[in-house]
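I opened this notebook to keep track of what I looked up, entry by entry, and to write each finding down in whole sentences.

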Amino acid sequence: MVNHGDSPEAIYALFKLSWSQFECAPDQLDARQRSEAASLIANQLEIERVILSSDQSQGVVISEGQVKKSLEEIIERYENVAAFEQALEQADLTLALLREGIRRDLLVEATLDRVSASTPEVSDAEAELFYYFHPDKFSVTERRTAHHILITVNDDYDENRADRALARINEIRERILKKKTRFNEQAQKHSECPTALHGGMIGNVERGQLYPELDEVLFAMQAGEVSEPVLSSIGYHLLYCTAIEQPRKLPLEEVLPRLKASLRDRQQSIYQRQWIKEQLKHQTEMPQAVNS
C-alpha cells in the first residue's frame with residue numbers, strides 16, 4: 001500500500017486514517033479503500049500545509065510532554081508494545097516518524113485553537129433559545145434497571161434440553177419469589193451468562209438494547225417484579241426490574257453549562273472551517289495576482 005516515494009507526512013496520514021476511517025491496518029485496505037484514502041490524504045495534507053504556513057502558526061510551540069502523552073494514548077490502543085511495534089513496521093513507520101506526525105497534528109490543532117480563540121462566549125440567552133427550539137435534544141427516554149438469569153437451551157447437553165432448561169429456571173423463580181433478595185445469589189449460582197459474576201446485573205437500559213423478547217417483557221414490568229421465564233434465541237431468562245426512570249426533559253439549569261460549551265465548540269468549528277476556506281482561496285489567487 002505504501003509507496004516508498006511517499007512523504008513521511010503521507011505515510012503517517014495513511015497510518016492514522018486507516019484506523020480511524022476503516023478500522024484496519026494500512027496493508028489491509030482493499031482497492032476501493034486505498035483509492036478513497038489517497039484522495040482524503042491529499043486533501044488533508046494540503047489543508048495542513050495551508051494552516052502551518054499561515055501567520056497564525058508562527059510562534060506555536062509543542063512540548064515534548066504533549067508529544068509523549070499523545071504517543072502513550074496511541075500505544076494504549078494496542079494489546080501490548082510488541083503489537084504496536086508490529087503495526088508501525090507494517091505501515092513503514094518508524095517511531096521517529098510517528099512522533100513527528102504527532103507533533104504536526106498538535107501544531108495544526110494548536111494553530112486552529114489560536115485562530116478561533118476570539119470566538120465570543122455563548123450567552124445564557126443564546127443557550128436558552130437553543131434549548132427551547134430543540135426540545136428533542138434534551139429528552140431522556142424511559143429506562144429500566146434490569147437483572148437477569150439465563151439458562152441456555154442446547155440439545156447437546158441433557159440438562160440444557162428445552163424442557164429441562166424450562167424446568168430449571170422455573171425452580172429458580174420459585175425460590176426467588178419467596179425471597180427476592182436472593183436474586184443476586186441465585187444468578188451467581190445458576191446463570192449461564194457472564195453477568196452472573198455481578199449478580200445478573202444487565203444495567204440501566206432503554207428500549208431496543210436487549211433481545212426483542214426481553215425488551216417487550218421488561219418494559220411492561222413494574223419495579224420490583226420478577227418475570228415469568230422468557231424464551232430468546234439463546235435460552236430462558238428471568239428478568240428482575242429493580243427501578244424505572246420515566247421519560248423526562250432535562251431541566252435547563254442542569255444542561256446549561258454543557259450546552260454553552262457545546263455551542264461555543266460548534267461556533268469555533270464553523271469559524272475554523274471558514275478561515276481554512278479563506279486561506280485556501282487566498283493561496284490559489286496569489287499566483288494570479290503575481291502574474292498580473
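**Entry 1: Arg104**

I began with Arg104, which I found in helix H5, and I kept in mind that the model I was reading is a predicted one. Is Arg104 buried or exposed? Its relative accessibility comes to 18%, and because the cut-off for buried is under 20%, Arg104 counts as buried. I then listed what Arg104 touches, leaving aside residues up to four places away in sequence, and wrote down Glu9, Leu45, Glu48, Arg49 and Leu52.

**Entry 2: helix H2 against helix H5**

Next I looked at how helix H5 packs with other helices, and I reminded myself that two packed helices are described by the angle between their axes and the distance between the axes. For helix H2, residues 31-52, I noted that its axis and that of H5 come within 10 Å and cross at roughly 60 degrees. That angle is neither under 35 degrees nor within the range of 65 to 115 that counts as roughly perpendicular, and H2 and H5 are therefore oblique to each other. I recorded the crossing of H2 and H5 as left-handed.

Which residues meet here? From H2 I wrote down Leu45, Glu48, Arg49, Ile51 and Leu52, and from H5 their partners Arg104, Asp105, Leu107, Val108, Thr111 and Leu112. Sorted by kind, the residues of this contact between H2 and H5 are six nonpolar, one polar and four charged.

**Entry 3: helix H1 against helix H5**

I turned to H1 and H5, whose axes lie 10 Å apart and whose packing angle is about 85 degrees. An angle from 65 to 115 degrees counts as roughly perpendicular, so H1 is roughly perpendicular to H5. The H1 side of the contact consists of Pro8, Glu9, Tyr12, Phe15 and Lys16, while H5 brings Leu97, Leu98, Gly101, Ile102, Arg104 and Asp105. I sorted the residues of the H1 and H5 contact as well, and they divide into six nonpolar, one polar and four charged.

**Entry 4: the nonpolar cores**

I then asked which residues of the largest nonpolar core touch the most other members. This core has 17 residues, and the ones I was looking for are Phe15, Phe84, Leu93, Leu98 and Ile102. At least two residues of the core come from each of helix H1 (8-22), helix H3 (64-75), helix H4 (81-90) and helix H5 (95-115). I followed Ile102 further and, not counting residues up to four places away in sequence, found that it touches Tyr12, Val67, Ser70, Leu71 and Ile74. There is also a second, separate core of 12 residues, and among them I noted Phe183, Ala187, Val226 and Leu238.

**Entry 5: helix H7 against helix H8**

For helix H7 (residues 162-178) and helix H8 (residues 183-190), I noted axes that come within 9 Å and cross at roughly 155 degrees. Angles over 145 degrees count as roughly antiparallel, and H7 and H8 are therefore roughly antiparallel to each other. Their crossing is right-handed. H7 makes the contact through Ile172, Arg175 and Ile176, and H8 through Phe183, Gln186 and His190. By kind, the residues of this contact of H7 with H8 are three nonpolar, two polar and one charged.

**Entry 6: two buried residues with distant partners**

I looked up Ser57, which lies in the loop between H2 and H3 and is buried, with a relative accessible area of 10%. Ser57 and Arg114 are 57 residues apart in sequence, yet their C-alpha atoms are 8.2 Å apart in space. Leaving out residues up to four places away in sequence, Ser57 touches Ile51, Leu52, Thr111 and Arg114.

Gln272, in helix H10 (residues 252-291), is also buried, and its relative accessible area is 15%. Its C-alpha atom is separated by 9.9 Å from that of Thr111, which is 161 residues apart from Gln272 along the chain. With the same sequence neighbours left out, Gln272 touches Leu112, Asp113 and Ser116.

**Entry 7: positive phi angles**

Most residues other than glycine have a negative phi. I therefore made a note of Glu23, which is not a glycine but has a positive phi of about 55 degrees. Glu23 sits in the loop between H1 and H2 and is exposed, with a relative accessible area of 66%. Asp92 is not a glycine either, and its positive phi is about 60 degrees. I found Asp92 in the loop between H4 and H5, where, at 34% relative accessibility, it counts as partly exposed.

Technical notes: Residues are numbered from 1 along each chain as its sequence is written. This is a predicted model: local features need pLDDT of at least 70, side-chain atom pairs count only at pLDDT 80 or more; totals for chains, interfaces and linings use all residues. Side-chain values use heavy atoms; hydrogens and water are left out. A nonpolar core is a set of buried Ala, Val, Leu, Ile, Met, Phe, Trp, Tyr and Cys residues joined through side-chain atoms within 4.5 Å. Buried means under 20% relative accessible area, exposed over 50%, partly exposed in between (1.4 Å probe, protein chains only). Helices (H or I, at least four residues) and strands (E, at least two) are DSSP runs, numbered from the N terminus. Contact means heavy atoms within 4.5 Å. Axes are lines fitted to C-alpha atoms, for helices over the stretch in contact, and angles run from 0 to 180 degrees between N-to-C directions. A crossing is left-handed if the near helix is turned anticlockwise from the far one by less than a right angle, and right-handed if clockwise. Ala, Val, Leu, Ile, Met, Phe, Trp, Tyr, Cys and Pro count as nonpolar, Asp, Glu, Lys and Arg as charged, and the others, Gly among them, as polar.
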